[in-house]
Amino acid sequence: MAERAKDQRKAESELLDVLIEKHSNLLPVVMKTQVMVDLYWKCYAYGDELKPHIEFLDGIMLSSTREIAPSCVENVYELIERQEKSLNQLETKRSIVKDLIDKGKSILQNPDKPKFLEGHVKCIEEGWDESKEKALARLSLLNDTKDAWEGYAEGQSKLAENFERCEVETKKIKKRFNLEAALEDLSKRKEIFNDIKNDILYLWEKMNSDFKTICITTPDDKKQIIQKEISAVQEKLYLVEVFEKKVKKTEDFCNSLNDFNESLKSIDTWMVEASKELEDIKITSHKLNPEDRVSRSMELQEDIGAKCLIINHNIQLEKELLPQG
């Protein structure tokens, strides 16, 4: 019996040693498993923590990229107000999102991190950057659209004023027969014309530029209405051409009047010189040999003939330029 008990104790001791050895071998695995469980718990908890913020960023992204169709500037004002609120909400989340990104990157330092963690961090980091970028881009578009609507309305008003002014100033152009007064008035009319022309062309180009910006978001039916308004404005551009032609006609008249005046001055100067020459021929004719006397007389006669043609032309020109009677 004693011998049997001794063998039994020995066998049980050996089994205990084996069990202890197994336990010792399992301990590192258990500890490793515990660490991994804790790591994965942190990762899943991190994902749960990200979820509402990712949904928030998705909402911002959706509101910043959805199709809009404002049909008036008041609609644009409302959209700008909403977009500014979205950006303010983003700004209040900045520190929270930054902390979450830093937290995720800190967990990523663990070599045993799960693969999905990197996707979580990338999602929140890129989601923040893209949402902010799209929100700012949408606000910029809305501000540009607002400026275009306001510029378009202002341009309509200013163009109407300039077209009216163009007609009034065109009617003020009259022929002036006093050369000095005519040239002075022409200079004034040209300056006024250039100012009005430059203003109208600038406003016309800006109106078309504003229309292009408006068309980015405006519905098609509103585009057609605005296009009709622009066509109506375009039809009035001929007033600039009418003004220009009248200024050009006045300029041509002034040039002709000036040429006429210069021709008269030239004739007056020539008459003085010709009278002197004729008198000199009379006084010195007895001293001149026949050939010289004939030569000088013929030259003067030819000169008089040429000047008579000019005088006859000036007489005809006077009838065309100056009022008769």
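A cavity here is a set of points, on a 1 Å grid over the protein atoms alone, where a 1.4 Å probe fits but cannot get out; its volume is the space filled by probe spheres set on the points, which are joined across faces, edges and corners. The model is predicted, so local features need pLDDT of at least 70 and side-chain atom pairs pLDDT 80 or more, while totals for chains, interfaces and linings use all residues. Residues are numbered from 1 along each chain as its sequence is written, and side-chain values use heavy atoms, with hydrogens and water left out.

The whole structure turns up 1 cavity of 30 Å³ or more, and the largest holds about 30 Å³ of space. Its lining (residues with an atom within 4 Å of a point) includes Lys-174, Asp-185 and Phe-253. Helix α6 (238-284) gives the most, with 3 residues; helices are DSSP runs (H or I, at least four residues), numbered from the N terminus.

Turning to the rings, there are 3 aromatic pairs (Phe, Tyr or Trp ring centres within 6.5 Å, with Trp taken by its six-membered ring; planes over 60 degrees apart count as edge-to-face). Phe-177 and Phe-253 meet edge-to-face, 5.9 Å centre to centre with 85° between the planes. Phe-177 sits in the loop between α3 and α4, 76 residues from Phe-253 in α6. Phe-177 is partly exposed at 37% relative accessibility, whereas Phe-253 is buried at 7% (buried is under 20% relative accessible area, exposed over 50%, partly exposed in between, with a 1.4 Å probe and protein chains only). Phe-193 and Phe-243 are also edge-to-face, at 5.2 Å and 80°.

Key:
On a 1 Å grid over the protein atoms alone, a cavity is a set of points where a 1.4 Å probe fits but cannot get out, and a pocket is an open set with protein on both sides within 12 Å along at least five of seven lines; lining residues have an atom within 4 Å of a point. Helices (H or I, at least four residues) and strands (E, at least two) are DSSP runs, numbered from the N terminus. Rings of Phe, Tyr and Trp (its six-membered ring) pair if their centres lie within 6.5 Å; planes under 30 degrees apart count as stacked, over 60 as edge-to-face and the rest as tilted.
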